[in-house]
Amino acid sequence: MLDTQQVIDLIGDVARTALSGRRIDSVSVEPSVDSWGNDALRITVVAHRVGADRSIGEAIVAVENGLRDRLEQEGDTRLPIVDILTPEDLAADVSSES
């Protein structure tokens, strides 16, 4: 199983490829469990939206699929659960928690 920094590095590589044209501000990873109780990774990518970009759903699927493949290549079987937020989404989410 990869350590947190290795996973962050891997996510950065996958996200830059899957979200080409977007500037990625940050990536965070938290250990989690999926709906079956298996180990998972809760991943948040903060990236700027660019023009008539593909839908956020398509972007999430592209990142999850690429990340799942790369994790498996490294022998890490945890399921990636990805959220992609813009800086504006993140700011709205943080302000709604206060």
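What follows is a dialogue on how the terms used for this predicted model are applied.

Modeller: Residues are numbered from 1 along each chain as its sequence is written, and side-chain values use heavy atoms, with hydrogens and water left out. This is a predicted model, in which local features need pLDDT of at least 70 and side-chain atom pairs count only at pLDDT 80 or more, while totals for chains, interfaces and linings use all residues.

Biologist: What makes up the secondary structure of the chain, and in what order do the elements run?
Modeller: The chain has 3 helices and 3 strands. From the N terminus on, the elements run α-β-β-α-β-α. Helices (H or I, at least four residues) and strands (E, at least two) are DSSP runs, numbered from the N terminus.

Biologist: How do you know that S1 and S2 pair, and in which sense?
Modeller: Two strands pair if DSSP finds at least two bridges between them. S1 and S2 are joined by 9 bridges and run antiparallel, so they satisfy the definition. Val27 has Val45 in S2 as its bridge partner. The hairpin of S1 and S2 has 5 residues between the strands, and Gly37 there takes a positive phi near 85 degrees.

Biologist: How many bridges link S2 to S3, and in what sense do these strands pair?
Modeller: S2 (residues 39–47) and S3 are linked by 7 bridges in the parallel sense, so this pair also passes the cut-off. Ile43 stands opposite Val82 in S3, and Leu41 stands opposite Pro80 in S3.

Biologist: What is the strand order of the sheet, and why are S1 and S3 called edges?
Modeller: The order is S1-S2-S3, in an open sheet of 3 strands with mixed pairing. Strands S1 (24–33) and S3 (79–85) each have a single partner strand, so one side of each is left without a neighbour in the sheet. Neighbouring strands are turned by 20 degrees against each other on average, direction ignored. The axes behind such angles are lines fitted to C-alpha atoms, for helices over the stretch in contact, and angles run from 0 to 180 degrees between N-to-C directions.

Biologist: Which strands do H1 and H2 touch where they pack on the sheet?
Modeller: H1 (residues 4–18) touches S1 and S2, and its direction makes about 130 degrees with that of S1. H2 (residues 56–73) touches S2 and S3, and its direction makes about 145 degrees with that of S3. Contact means heavy atoms within 4.5 Å.

Biologist: How does the span of H2 compare with what is expected?
Modeller: H2 has 18 residues and reaches 26 Å from its first C-alpha to its last, close to the 26 Å expected at 1.5 Å a residue. The expected span is 1.5 Å times one less than the number of residues. After H2 comes Gly75, whose phi is positive, near 80 degrees.

Biologist: Why is Val61 called partly exposed, and what makes Met1 exposed?
Modeller: Buried means under 20% relative accessible area, exposed over 50%, and partly exposed in between (1.4 Å probe, protein chains only). Val61, in helix H2, has a relative accessible area of 44% and is therefore partly exposed. Met1 lies in the segment before H1, and its 69% relative accessibility is why it counts as exposed. Met1 still touches Asp39, Asp76 and Arg78, not counting residues up to four places away in sequence.

Biologist: Which residues of H2 are buried, and how do you know that they share a side?
Modeller: Ala59, Ile60, Val63, Glu64, Leu67 and Leu71 are buried in H2. They cover an arc of only 125 degrees around the axis, which puts them on the same side of H2. The arc is that of the directions from the helix axis to the C-beta atoms. The face turned away from the buried side carries the exposed residues Glu72 and Gln73. H1, S2 and S3 are among what covers the buried residues.

Biologist: What makes a set of residues a nonpolar core, and how many residues has the largest one?
Modeller: A nonpolar core is a set of buried Ala, Val, Leu, Ile, Met, Phe, Trp, Tyr and Cys residues joined through side-chain atoms within 4.5 Å. The largest here has 20 residues, and those with the most contacts inside it are Ile11, Leu19, Ile43, Val45, Val63, Leu67 and Ile84. H1, S2, H2 and S3 each give two or more residues, with H1 giving the most, 6 residues.
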